[in-house]
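Here are my notes on this model. They are in numbered points, to be read beside the structure.

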Amino acid sequence: MHHNQGRQAPDYLRKTLQIPEAMMALIPLCSRLGIISRLNVCFPGSLCYIAGISFYGRVTSFMAIYNLNGLLDKYNGEFLILEFNHLFISSSIREEVWLLQRKNDSPLIGKITQAAREFDIHEVSDERDFETYSGGQKAILACLLTMTLIDDRKIRGLKLLLNNILDSISEENRSKLIRKFKEFCSTRDIKLFTEKNGHIQEII
Amino acid sequence: MEIRKGKYRLENRNLNFDIVDDLNFNNSGGCFYFRGGNGFGKTSFLEKIIIPALKTDNLSYLYIGQDIRTQLYTLRALLSIQGFKVSDTDEVELLRLWIDHSQSASVLILDEFDKYFPDYGFIFDWSDAFIRTYIIVTHREMNCREAVANHHRICNARFELINIDGRLKNIRVRNE
């Protein structure tokens, strides 16, 4: 890990965090003013995550995906959030898994790609750039990644909130995904919620 | 604007579109819906076929993409540069300001906007004085979609993207 405070924001941040141009321009300034308290860069090279950005409102969403144990400790009883606009922090399944597991976990990747094929995402691969998937496919992959990781770490008693996820998915895939979640949640004491018009609803 | 029937290939997405009939986004206005499965290329069809055709015809358009919350950061910056005080403005008001100050546009494209705002009739209220053509990508059922547009007396045409042969990503674009 590498402390990078106050330096020019690197180009790959824009790609990995999907921060718009105008926001990118603010990062060095915010860093100097102390608004960004830390900018941590993980290796290998193209991977990174940000901690302590107070102005980027959805940061909890993607931090949640990357540090499940830490999140559960810190926000006990709160929701783990999957939000359509911030599904991933890196650019491929391999990189996501590396961040989560701190290793190149091929069996875990295999489970995700196999599950993806059930949703007709046939050209899925560990190296394929997320930007080449459709929005709905990315939403499905994020759900599968989360389920696979929860299973791998034997996490139980979680409240999972899907925000703008199910509405991004076609009717057929939505039914498949909800069936998969039902089966998954029932044996792990996991509750599934969605947000609609500002209200959180328990669906499983 | 018209997109002629025929085959269109998008190399970088490995997608082949077969447009069965000419798509007429005619000058009299209307609301054109596109729907189809995940990965069938709805957004690619917008960005690689429809928007280039709009540019060719020099038609000014507004495009609200799927990742609206990311786009809103850009809108906030854009409006700030234009002199609006938007630091405490909510996302609906941001959109209203942007649309209200984009009256040179005649086409409005919404890509799955309804997943953020299920009742998005306000978009028509704000824009029907100058927008003649609405192009909307959605996963919603027909009755929900039509209810919103019919309320605003806009005639509908509906197109469906269907996968012809599974893995080869050959997509037929046809009128529903």
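1. Start at A:Leu144 in this predicted model. Beyond its neighbours within four places in sequence, A:Leu144 is in contact with A:Ile112, A:Ala115 and A:Ala116.

2. Two of these names come back in the largest nonpolar core: A:Leu144 and A:Ala116 are among the residues with the most contacts inside it. The others in that group are A:Ala139, A:Ile140, A:Ala142 and A:Cys143. The core has 37 residues.

3. Which elements of chain A each supply at least two residues of this core? They are strand S5 (79–83), helix H5 (93–101), helix H6 (106–117), H7 and strand S6 (159–163). H7(A) gives the largest share, nine residues.

4. There is a second, separate core of 29 residues. B:Leu23, B:Phe40, B:Tyr134 and B:Ile136 are included in it.

5. Now the interface. On chain A, 21 residues are in contact with 16 residues of chain B. Helix H2 (21–33), helix H7 (135–152) and helix H8 (171–186) of chain A each give two or more residues to this side. H7(A) gives the most, with four residues. So much for the elements; what is the chemistry? The chain A side divides into six nonpolar, eleven polar and four charged residues.

6. Chain B deserves its own look. It has five helices and ten strands. Of its 176 residues, 30% are buried. Take the contacts in chain B with a separation of 6 or more: 69% of them join residues 24 or more positions apart.

7. Keep H7(A) in view when you check the model. H7(A) gives nine residues to the largest core and four to the side of chain A that touches chain B.

How values were computed: Residues numbered from 1 in each chain as written. Chains lettered and ligands numbered in written order. Predicted model: local features only at pLDDT ≥ 70, side-chain atom pairs only at ≥ 80, totals over all residues. Contact = placed C-beta atoms within 7 Å. Nonpolar A, V, L, I, M, F, W, Y, C, P; charged D, E, K, R; others polar. Buried ≥ 20, exposed ≤ 12 C-beta atoms within 10 Å, placed from the backbone. Core = buried A, V, L, I, M, F, W, Y, C linked by C-beta atoms within 7 Å.
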